[in-house]
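Here are my notes on the model you sent. Please read them with the structure open.

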Amino acid sequence: MGATAVIGAQWGDEGKGKVIDLLAERADLVVRYSGGNNAGHTVINHLGEFRLHLVPAGIFNEQTTCVIGNGVAVDPEVLIGEMDQLEASGIDTTRLMVSDRAHLVLPFHRLLDRLEEERLAEHAIGTTLRGIGPAFSEKTARRGIRAGDLADREALLKKLEAALTYANLLITRVYGHDPLQLDEIFAKCMTWGDRLSGRIQQTELMINEALHEGREVLLEGAQGTLLDLDFGTYPFVTSSHPGASGAYQGAGIGPVRIERIVGIFKAYCTRVGEGPFPTELHTSEGDHIREFGHEYGVTTGRPRRIGWFDAPMARLSNLVNGYTSVILTRLDVLDQMETISVCTGYRLDGEVVEYPPSGMTVLLRCEPILEQLEGWQQSTNDFRHFQDLPDNARTYVHRLEELIGAPVSMLSVGPRRDENIIVRAAL
Ligand code: IMP
């Protein structure tokens, strides 16, 4: 049996946590493959409401092994804090493993993230300030410290000294800030190493073995494709690959091992942080969606920017990921709208374009072409069958399906695990 990848299809916050929690019911392994604790998944289930940043949402299923893959940047302090919280709620975390190849987010990465955002001032990216960009930069610059390094204290001290020497040069000479102390960070690493020791493993072996044995593997995405380092709205992106290519690389499996690539789209768009957002709403409709949908960041609490569904962005997302099916979330948030607009293309210099251009200045010149659809003005929370939905809701779903270019398999009509409508059994 091949793996299933669950991928954020827009700018993150599409409701992947709920979908993973749901699909994890039948998964033997759930693997986080990219990002770090810049992500935030809300899971509401029979055990309560949880906000996870690093621990895969499969942790609530007793039979599921959860893996933080090599493609994730792991802040050990955050991970241990999350494990403590879960354990305090009676959830067993002994089934949680961390790849020895996963890079660590260390205190100097967090500091550098903040210092750089402050330096950029009005040009800032609007990062989550969790040190993710600097940690992935160190990884590609080949100065990173990996989870596996925590096991060898002597070697770790040398690596840490080299990494901190470089970081302190930046911290003191570029940003004029006080340097960070090696002994303090090393002492933290010792504590983290002790706490995480049994869990740090060659997880790619474990994942491939599970696939070989025909067990169900779920690859859990973080962020969204429009924040991808290559295909997102660069430079207003995150520093990893949230899409399908990140899924096999960040778990250590071959691409053809992924059988299903499920794109998670919201029924509208949101974005946090800076960067182009062609369909952004600055009207009371946007405020209504934000309040009705509680559109505030799980990680930073920032109000999310709201916009209409953006087909050019959705087409690109489908193009680079090749969705085998799509899950449309938060349809119920649009329940009260009189009319709903959808952006079908952009107008650029008098021409209609179907895909977003890569350059920011060009993208900023694109004007959304909006098509208006009638709202259904009725609660959809209690519907469980697609054919029972109000006609206008079905028309809306079919239109998005047509614009994305991939079949919708499920709709989410509320935050609870059971508030879903199966459209096609293609999951
Ligand atoms: P960073 O990932 O903290 O470096 O932030 C880079 C950009 O990605 C910023 O615009 C963030 O708001 C955005 N971002 C990072 N993680 C998430 C997420 O989980 N959901 C939505 N946006 C995110």
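The points below cover the ligand site, two backbone features and two helix packings.

1. **Status of the model.** This is a predicted model. Local features are reported at pLDDT of at least 70. Side-chain atom pairs count only at pLDDT 80 or more.

2. **Ligand surroundings.** There are 15 residues around the ligand. Asp13, Asn38, Thr128, Thr238 and Arg302 come nearest.

3. **Polar pairs with the ligand.** Two threonines face ligand oxygen atoms. In Thr128, a side-chain N or O atom is 2.6 Å from an oxygen atom of the ligand. In Thr238, a polar side-chain atom lies 2.6 Å from an oxygen atom of the ligand. Asp13 pairs with a nitrogen atom of the ligand instead, and the distance there is 3.1 Å from a polar side-chain atom.

4. **Backbone at Asp13.** Check this residue for a second reason. Its phi is positive, at about 60 degrees, although Asp13 is not a glycine. Asp13 sits in the loop between strand E1 (3-8) and helix H1 (16-23). Asp13 is also among the residues that come nearest to the ligand.

5. **A cis peptide bond.** The bond from Tyr234 to Pro235 is cis. Its omega is near 10 degrees. Pro235 belongs to the loop between strand E10 (217-220) and helix H8 (244-249).

6. **H5 against H6.** Helix H5 covers residues 153-174, and helix H6 covers residues 182-196. Their axes are 10 Å apart, at an angle of about 140 degrees. That makes H5 oblique to H6, because only angles over 145 degrees count as roughly antiparallel. The crossing is right-handed. H5 contributes Arg153, Leu156, Leu157, Leu160, Glu161 and Leu164 to the contact. H6 contributes Leu182, Ile185, Phe186, Cys189, Met190 and Asp194. By class, the contact residues are nine nonpolar, no polar and three charged.

7. **H3 against H5.** Helix H3 spans residues 107-120. The axes of H3 and H5 come within 11 Å and cross at roughly 20 degrees. H3 and H5 are therefore roughly parallel to each other. This crossing is left-handed. On the H3 side, the contact uses Phe108, Leu111, Leu112 and Leu115. These meet Leu160, Ala163, Leu164, Ala167, Leu170 and Ile171 in H5. The contact has ten nonpolar residues, no polar and no charged.

8. **Residues to look at twice.** Which residues of H5 meet H3? Leu160 and Leu164 are among them. Leu160 and Leu164 also take part in the contact of H5 with H6.

Note on methods:
Residues numbered from 1 in each chain as written. Heavy atoms only, no water. Axes fitted to C-alpha atoms, helices over the stretch in contact; angles between N-to-C directions. Helix = DSSP H or I, 4+ residues; strand = E, 2+ residues; numbered from the N terminus. Parallel < 35°, antiparallel > 145°, perpendicular 65-115°, else oblique. Left-handed = near helix turned anticlockwise from the far one by under 90°. Contact = heavy atoms within 4.5 Å. Nonpolar A, V, L, I, M, F, W, Y, C, P; charged D, E, K, R; others polar. Near = heavy atom within 4 Å. Polar contact = N/O pair within 3.5 Å; in protein donor to acceptor, adjacent residues only side chain to side chain.
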